[in-house]
Amino acid sequence: MGGGRWRRVLSGVWRSIAVWAVSTVTMLVLAGALPDFQLQSDNGDSATRIAVTAAAGAGVFGLLSSLVWPLLVRALLLVPALILGLLVFFLNGSLLLLALRINPSGQGEAAPETAVVVAAVMSAVASAAGGALAVRDDDAYRRRLYRLAARRRSRSDGHLGPSTPGIVFVQLDGVGHDVLEEAAGKGLMPALARWLGTTHRLTPWRTDWSSQTGASQLGILHGSNHDIPAFRWYEKESHEVMVCNRPSSAAELQRRAIGYTGDGGLLTVDGASRGNLFSGGADELALVLSMAARRGRENRSRSGYFAYFSDPANAVRTALSFVAEVLREMGQSTRARLQKRRPRVGRGGLYPFVRAFATVVERDVVVAAVIGDMLAGRNAVYADLVAYDEVAHHSGPRGRDTEKVLQRLDRSLALIEKVAEHAPRPYRIVVLSDHGQSPGETFLTRYGLSLGNLVRAGCGLPVPRRARGTHSGAEARAAVRAALRRPVEEGGERHRPSRRSEPVVLASGNLGLVSFPDMPHRMSREEIDRRHPALLSTLANHPGVGFLLVRSEEHGGLVLGAHGAEAPVDTLDDEHPGPLADFGPGAADAVRRTHTFPHTADIMVNSWYDPEEGEVLAFEEQIGSHGGLGGAQGHPFLMSPLALSEPIDDGADLVGAERVHRVLRGWLRECDGPQVPLPAAESERAA
């Protein structure tokens, strides 16, 4: 055995002894602090005997954690993932009780509830100590990454990775172009700011009318978001409400996109999909919603939980962070109420746990899966981090709450960058978002009635005195429901109105959809006027409504505005926007495209928009919203390495998720093809 190998072995032994010693001291401190945890007999023992008992207990607990914990997690993989996270404390406490029982000294004992606390603290301290030692030893850190890579390549033939670069696409859900620029400029995201100053370029792009993850991510991953009019919509032929974050709907939308394009998706060649609504054609999946409705061996999406929670230190650290995030949200919401901040929405009930899942559990599992993919040398990885989007819905796109989230997301990106240095192949890291968020109070808060009740009033139907809350479209809620094995989001797959002539009113951020289920086709303006003469004028003239889109028997698509303004969609453009004047460039094209969709609602309602303040009025209970036209919600970003080709020509606009798909696919072709030297000017810029 060579000298270098001896040094590595001795270094590993020394770190193990150091972690054991730290765990022993931690156990002694806890035994002195907790009355129900003791390391001596009732008659008392010498200090030496107590120390030996602590050392033996710490050693046995560490050994059990290493050997038994992965088996426990694999056995519990069928348990709902969120519940598994909450079981971490109980399982660790059980291992500690077992360690004390088989301790050779036979002296230790603890109450069950105390064992949970002791095990959690010991795991966290051991993890911190091991991490600190590894960070101080670059060689040890590199070897640990190589061991992880070798473990993940154990199912392959063991060959080294290819020399051509792979690409990691990291989606920061809901982070708009303006928010990213501000965060980098203020020092909230130092890793991204460093990239922008040296290795990456920042390109804004513009979403379709439906500025939400379902439409954008389906277009990005599968090349088509045709017939996605909103986040949720009613399909008359099936009497079904389609919801982008419902597993059964996501699976159907993915099937339709594949049939429409004839292509499996962006990730079909050695790809991995992590934390997304759709698979992108990848074989390697974790937390992918379109696969969550499957049962048995076909549902590989949950395997990412095992890869992460099989490490007891990871499990305890995530569980502790989960609890801390719940408490943080409770404190922030209480402060917002006491300070009487406006606008504000309810943040009680299960929301603190939903937020903690998005900002802690989902982030940790997805980032760990991405690291594993890079160490395994996969060709393409696409991961969605939903933390910012979830918090911004309830706290607003800007503020202390979202700034903290952005800082943690930046640390995740810095970790991915560090891992890329140890991967078996070079990697290009592309960061992008699917939409932004526009601030503003809710339609209900400002006017005292919901869009649904306004529609009922325009139809001459009775209006309930008590308004009902609307569902939030946050992607994290779908991930939680999938983790809990509760795939149906809104009470049932089929909509059964009490009266066939009553309208179905759905909300997608500041975009509303009105459908009449008793009519098998898309109703025309003339048919609506004959049935409900006051409805269209009631909606178009309401101060909280920006414009309507309807089908006209005479003009085709027709945009209606206040005070009788109307214009056929075929006559509108950026120079002659008509009722769309406040909504900026590209609004006419986006509305015109949506008019061609087979499942566009009878009436499409876009809320009012203030171009000076950038505010909209959400038809859902959100003070940061997206889903329609107006403001930052339609302006996400694409941040790409200089080593890749420019996404667009100078002076051109990058418009639509389908166009972004073509850009990303082109970059994959560049990386997979022969690597040619860059021109001198580009080499200097890339360096």
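Is Lys 236 buried or exposed? In this predicted model, Lys 236 has a relative accessible area of 13%, and because this value falls under the 20% cut-off the residue is classed as buried. Lys 236 belongs to the loop that links β5 (232-235) with β6 (240-243). Apart from residues up to four places away in sequence, Lys 236 touches Phe 516, Met 519, Pro 520, His 521, Arg 522 and Met 523, together with Asp 602. With Phe 516 there is also a polar approach, in which the side chain of Lys 236 reaches the backbone oxygen of that residue at 3.3 Å.

The protein chain as a whole comprises 23 helices and 21 strands. Of its 687 residues, 55% are buried. Among the contacts in the protein chain with a separation of 6 or more, 74% are accounted for by residues 24 or more positions apart.

A second buried position is provided by Ser 552, which lies in strand β14 (residues 545-552). The relative accessible area of Ser 552 is 4%, and the residue is therefore counted as buried, the cut-off being under 20%. When neighbours within four places in sequence are left aside, Ser 552 is in contact with Arg 525, Glu 526 and Leu 558. Arg 525 is separated from Ser 552 by 27 residues in sequence, yet the two C-alpha atoms are 5.2 Å apart in space. The side chain of Ser 552 makes a polar contact with the side chain of Glu 526 at 3.3 Å, and the side chain of Ser 552 also reaches the backbone nitrogen of His 555, at 3.1 Å.

Helix packing was examined around α15 (residues 400-420), against which α8 (residues 190-198) is placed at an angle of about 60 degrees, with the two axes 7 Å apart. The angle makes α8 oblique to α15. On the side of α8, the contact is formed by Pro 190, Ala 191, Leu 192, Arg 194 and Trp 195, and on the side of α15 by Asp 410, Leu 413, Ala 414 and Glu 417. Classified by residue type, the contact of α8 with α15 holds 6 nonpolar and 3 charged residues and no polar ones.

Helix α14 (residues 387-395) also packs against α15, here at an angle of about 175 degrees and with the axes 9 Å apart. Because angles over 145 degrees count as roughly antiparallel, α14 is assigned that orientation relative to α15. In this pairing, Ala 387, Tyr 388, Val 391, Ala 392 and Ser 395 of α14 meet Asp 401, Thr 402, Val 405, Leu 406 and Leu 409 of α15. The residues of the contact of α14 with α15 divide into 7 nonpolar, 2 polar and 1 charged.

Helix α22 (residues 657-672) contains 16 residues and reaches 23 Å from its first C-alpha to its last, which is close to the 22 Å expected at 1.5 Å a residue. The buried residues of α22 are Ala 657, Val 660, His 661, Val 663, Leu 664, Gly 666, Trp 667, Leu 668 and Cys 671. The elements that cover these buried residues of α22 include the strands β3 (166-172), β9 (380-385), β10 (427-432) and β21 (637-641), as well as the helix α9 (213-222).

Methods:
Residues are numbered from 1 along each chain as its sequence is written. This is a predicted model: local features need pLDDT of at least 70, side-chain atom pairs count only at pLDDT 80 or more; totals for chains, interfaces and linings use all residues. Side-chain values use heavy atoms; hydrogens and water are left out. Helices (H or I, at least four residues) and strands (E, at least two) are DSSP runs, numbered from the N terminus. Buried means under 20% relative accessible area, exposed over 50%, partly exposed in between (1.4 Å probe, protein chains only). A polar contact is a pair of N or O atoms within 3.5 Å; within protein, one must be able to donate a hydrogen and the other to accept it, and residues adjacent in sequence count only if both atoms are side-chain atoms. Contact means heavy atoms within 4.5 Å. The expected span of a helix is 1.5 Å times one less than its number of residues. Axes are lines fitted to C-alpha atoms, for helices over the stretch in contact, and angles run from 0 to 180 degrees between N-to-C directions. Angles under 35 degrees count as roughly parallel, over 145 as roughly antiparallel, 65 to 115 as roughly perpendicular and the rest as oblique. Ala, Val, Leu, Ile, Met, Phe, Trp, Tyr, Cys and Pro count as nonpolar, Asp, Glu, Lys and Arg as charged, and the others, Gly among them, as polar.
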